[in-house]
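Thank you all for coming. I would like to walk through one structure this morning, taking a few single residues, then the charged pairs, and then the chain as a whole.

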Amino acid sequence: MDTFTGKPGPYDALTDVAGLRVGHARVAGARALTGTTVVLGPEGGFTAAVDVRGGGPGTRETDALDPRNLVQRTDAIVLTGGSAYGLDAASGVVAWLEEHRRGYRIGLDPAQVVPVVPAACLFDLGRGGDWHCRPAAATGRAAVEDAASTSPGAPVAQGVVGAGAGAVAGGLKGGVGTASVRLDSGATVAALVVVNAAGSPVDPLTGVLYGEYLQGPVTYPREEVHRAAVRRTKEAREESARRYAASVRPPLNTTLAVVATDAALTRAQAHKLAGTSHDGFARALRPVHQLTDGDTVFALSTGARPLAAEQHPEFAAQVTAAALNEVLAAGADTVTRAIVKAVRAAEGVDGPGGVFPAYRDLYPEGHTGSSAPGRSES
């Protein structure tokens with residue numbers, strides 16, 4: 001991996017970008033499988049942009065991120081389950097920010113602020129068994145409070161947490177994953193992804209996660225392990241379809257990501273980062289950006305360090321472009337690695353809403369073959 005863009009930060013997480021905090025909250029209940037994740041910025045917020053590639057997105061306040069519009073700084077990003085209903089979680093984050101006097105200043109009174117909180121949702125309705133269980137304002141408040149309670153640079157929980165509680169990827173249990181890289185320039189680029197894809201993260205010919213092909217030598221699962229995994233996945237899909245039939249017709253999904261850097265980016269440059277980071281989806285999930293996906297990437301910059309070192313004016317454009325290219329490449333790479341980590345961290349679910357096996361259960365460590373790929377009849 002380090003031959004591409006550098007080496008991971010201390011926690012290999014979004015919080016390796018100084019000033020960022022991540023919090024998760026899950027909807028309570030035996031038949032609930034959904035939640036919310038909040039990325040909270042430092043005092044003064046961050047520059048942010050968004051790029052939506054899926055055909056079925058659900059978003060809030062994303063128009064505010066257009067470089068042509070008024071508000072230039074954002075304090076938090078919300079990723080949530082619950083489809084369009086779950087966007088209510090952002091209201092809880094807005095209320096918390098208002099109480100802490102954070103947001104776009106309107107009047108002379110410091111309490112007169114309007115927090116602008118962009119949000120995106122994924123589809124997980126009914127996956128716990130109850131169609132009506134979905135995040136609300138209280139879930140968003142719990143997630144932002146969780147973020148605020150962490151120390152700067154804290155590790156980030158991964159797997160079946162927050163917005164990843166009900167996530168599914170190609171019939172396997174999805175979830176939250178995060179990764180970071182420290183560039184040779186000193187800048188940090190990191191990603192947090194909620195993997196909930198109609199496509200699959202697994203190569204059907206080998207059982208290898210697509211994203212791992214780009215991370216160095218691959219050890220392939222043994223043939224008999226892969227065949228058993230294919231069979232178990234097919235059986236789980238059939239059982240899930242039977243249980244799901246009364247409440248929802250799959251597939252309806254959406255993978256969400258936040259890509260962040262401490263390099264100072266303009267809104268336009270952040271928008272470019274959001275767009276190129278979608279390449280990380282395409283490397284790790286197939287197919288991607290389907291009509292029933294709402295794939296969305298937020299990109300943000302804390303601006304803590306210059307994008308490029310001091311330069312002669314006549315070469316400023318070239319030096320800036322070269323520095324931005326490094327950040328763009330790192331964004332896509334960290335998204336790919338975060339997807340791999342999410343799928344590997346997820347725990348399987350067998351409940352009234354469906355059967356979603358975990359990759360680590362289908363392909364347990366120690367059940368690998370040689371470097372020669374396996375083949376399976378699917």
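Let me begin with Gly348, which, once residues up to four places away in sequence are set aside, touches Lys173, Phe356, Pro357, Ala358 and Asp361. I should say at once that this is a predicted model, and that everything I describe is computed from it. Gly348 sits in the loop between H6 and strand S15, the latter covering residues 349-351, and with a relative accessibility of 40% Gly348 counts as partly exposed. To give a sense of span, Gly348 and Pro67 are separated by 281 residues in sequence and by 41 Å in space, C-alpha to C-alpha.

Now to Val297, which belongs to strand S14, residues 296-305. Is Val297 buried or exposed? Its relative accessible area is 0%, so Val297 is buried. Its contacts, leaving aside neighbours within four places in sequence, are with Ala49, Val50, Asp51, Ala257, Val259, Ala274, Ser277, His278 and Phe281. Val297 and Val116, for their part, are 181 residues apart along the sequence, with 17 Å between their C-alpha atoms.

Let me turn to the charges. Side chains of opposite charge can pair when their charged atoms come close. How many salt bridges does a search of the whole structure find? The search returns 14 salt bridges, and I will go through three of them.

The pair I take to start with is Lys341 and Asp12, where the closest N and O atoms are 3.0 Å apart. Lys341 lies in helix H6, residues 316-345, while Asp12 lies in the segment before strand S1, residues 21-26, so this salt bridge ties together parts that are 329 residues apart in sequence. With a relative accessible area of 22%, Lys341 is partly exposed, whereas Asp12, at 14%, counts as buried. The pair does not stand alone, since Asp12, Arg337 and Lys341 are linked in a network of salt bridges.

Another salt bridge joins Arg344 to Glu212, with a distance of 2.7 Å from N to O. Here too distant parts of the chain are linked, with Arg344 in helix H6 and Glu212 in the loop between strand S12 (188-195) and helix H4 (223-244), 132 residues apart. Arg344 counts as partly exposed at 32% relative accessibility, and Glu212 is buried, its relative accessible area being 18%.

The third pair is Asp75 and Arg102, whose closest N and O atoms are 3.1 Å apart. Asp75 is found in the loop between strand S4 (59-60) and strand S5 (76-80), and Arg102 in the loop between helix H2 (89-99) and strand S6 (104-105), with the two positions 27 residues apart. Asp75 is buried, with a relative accessible area of 7%, and Arg102, at 6% relative accessibility, counts as buried as well.

Against those pairs I would set Asp16, which lies in the segment before S1. Which side chain of opposite charge is nearest to Asp16, and how far away is it? That side chain is Arg182, at 5.9 Å, and Asp16 is buried yet has no salt bridge; a salt bridge here requires the side-chain nitrogen and the carboxyl oxygen to be within 4 Å. Asp16 touches Gly9, Pro10, Tyr11, Ser180 and Thr188, again not counting residues up to four places away in sequence.

Coming back to helix H2, its buried residues are Ala89, Ala90, Gly92, Val93, Val94, Trp96 and Leu97. Among the elements that cover these buried residues are strand S2 (35-40), S4, S5, helix H1 (83-86), strand S8 (119-121) and helix H3 (137-149). After H2 comes Arg101, whose phi is positive, near 55°.

Finally, the chain as a whole, which has seven helices and 16 strands. For 378 residues, a compact globule would have a radius of gyration near 21 Å, and the 20 Å of this chain agrees with that. Of the 378 residues, 56% are buried, and among contacts with a separation of 6 or more, 78% are between residues 24 or more positions apart. The accessible surface comes to about 15,500 Å², with 52% belonging to carbon and sulfur atoms. As for the overall charge layout, there are 35 positive and 38 negative side chains, and the centres of the two sets lie 4 Å apart.

Methods: Residues numbered from 1 in each chain as written. Predicted model: local features only at pLDDT ≥ 70, side-chain atom pairs only at ≥ 80, totals over all residues. Heavy atoms only, no water. Helix = DSSP H or I, 4+ residues; strand = E, 2+ residues; numbered from the N terminus. Buried < 20%, exposed > 50% of the residue type's maximum accessible area, 1.4 Å probe, protein only. Lys, Arg positive; Asp, Glu negative; His and termini not counted. Contact = heavy atoms within 4.5 Å. Rg over C-alpha atoms; globule rule 2.2 N^0.38 Å. Areas by Shrake-Rupley, 256 points an atom, 1.4 Å probe, with all protein chains shown as cover. Charge placed at Lys NZ, Arg CZ, Asp CG, Glu CD.
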